[in-house]
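Got your viewer open? Let's take a walk through this one together, picking out one spot after another.

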Amino acid sequence: MKKTMLATVLLGTLLIPSVTSAAEISDGTGVSEVRYNQADTYSVVIPDSITLGTAKDYEYIVAVKGDISGNSKITVTPDPTITMVEQARVDQKSDVVGSVTLSKQSWTQSEINDQTYVQAAGKVSVPKLNAGTWKGQFHFVIQNQKMG
């Protein structure tokens, strides 16, 4: 009997959650406040390499998924322009500037989930390119912004 009692006391102790404060009530009702805190988690997929076709543009996809709070939004903002530089070693042509767009640049908690990526279409367009080998890069600024 002694062993059974000890096991029950230990088991009961293990099942009691951490309590930060307690109130002793003899008659009436009591209120217990329950709290939970979890940091936002999210993932963004961007293209790491783009090759323009003969139309001198390319449509790309950005994808976002996550579990974020109601006062957060995930933003993905590409540079608005890209500068292409010819890779010739002799008689290099002038740089050519093109545009970068993204159809959607912010997502709230009601638009994403942690299981499935939500996609947005983007486009890189450099119509003034001509013969030669050209190279350029643009950046994405990815942020978890707090609202309100």
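A word you'll need at nearly every stop: buried means under 20% relative accessible area, exposed means over 50%, and partly exposed is in between (1.4 Å probe, protein chains only). Before we start, note that this is a predicted model: local features need pLDDT of at least 70, side-chain atom pairs count only at pLDDT 80 or more, and totals for chains, interfaces and linings use all residues. Residues are numbered from 1 along each chain as its sequence is written, and side-chain values use heavy atoms, with hydrogens and water left out.

**The whole chain**

Show the protein chain as a cartoon. You should find one helix and nine strands, in the order α-β-β-β-β-β-β-β-β-β along the sequence. Helices (H or I, at least four residues) and strands (E, at least two) are DSSP runs, numbered from the N terminus.

Now colour by pLDDT, the predictor's confidence in each residue, from 0 to 100. The protein chain averages 87, and 85% of the residues score at least 70. Then select residues 1-15, where the pLDDT is below 50 and the model has zero contacts beyond near neighbours in sequence. A contact means heavy atoms within 4.5 Å. As for the chain's contacts between residues at least 6 apart in sequence, 74% join residues at least 24 apart.

Switch on the surface. The protein chain exposes about 11,300 Å², with carbon and sulfur atoms supplying 52% of it; accessible areas come from the Shrake-Rupley method with a 1.4 Å probe, and for residues only the protein chains shown count as cover. Of the 148 residues, 20% are buried.

**Stop one: Asp40**

Select Asp40, in the loop between helix H1 (2-15) and S1. Is Asp40 buried or exposed? Asp40 counts as buried, because its relative accessible area is 19%.

Show its side chain and look for polar contacts, meaning pairs of N or O atoms within 3.5 Å; within protein, one must be able to donate a hydrogen and the other to accept it, and residues adjacent in sequence count only if both atoms are side-chain atoms. The Asp40 side chain reaches the backbone nitrogen of Ser69 at 2.9 Å, and a 2.7 Å polar contact joins it to the side chain of Ser72. Not counting residues up to four places away in sequence, Asp40 also touches others, including Asp67, Ile68 and Asn144.

Which residue forms a salt bridge with Asp40? Lys146 does, with the closest N and O atoms 3.0 Å apart. This pair links distant parts of the chain: Lys146 sits in strand S9 (residues 140-146), 106 residues away from Asp40. Unlike its buried partner, Lys146 is exposed, at 56% relative accessible area.

**Stop two: more salt bridges**

A salt bridge is a side-chain nitrogen of Lys or Arg within 4 Å of a carboxyl oxygen of Asp or Glu, and by this rule the count comes to four. Select Arg35 and Glu33, whose closest N and O atoms are 2.5 Å apart; both residues are exposed. Next, try Lys104 and Glu111, at 3.0 Å. Lys104 is partly exposed at 28%, and Glu111 is partly exposed at 35%.

**Stop three: the nonpolar patch**

Select Tyr42, Ile46 and Ile142, which make a nonpolar surface patch of about 220 Å². Patches are made of residues with over 30% relative accessible area and no salt bridge: like charges are joined within 9 Å, nonpolar side chains (Val, Leu, Ile, Met, Phe, Trp, Tyr) within 5 Å. Tyr42 is in strand S1 (residues 41-45) and is partly exposed, at 35%.

**Stop four: Tyr58**

Move to Tyr58 in strand S2, partly exposed at 36%. Measure C-alpha to C-alpha over to Ser125: the two are 67 residues apart in sequence and 6.6 Å apart in space. Leaving aside neighbours within four places, the contacts of Tyr58 include Ile50, Leu52, Gly122 and Val124.

**Last stop: two unusual backbones**

Most residues other than glycine have a negative phi. Now select Lys56, in the loop between S1 and strand S2 (57-67): its phi is positive, near 65°. Asp91 also has a positive phi, about 55°. Find Asp91 in the loop between strand S4 (81-86) and strand S5 (96-102). Why does Asp91 count as exposed? Because its relative accessible area is 70%.
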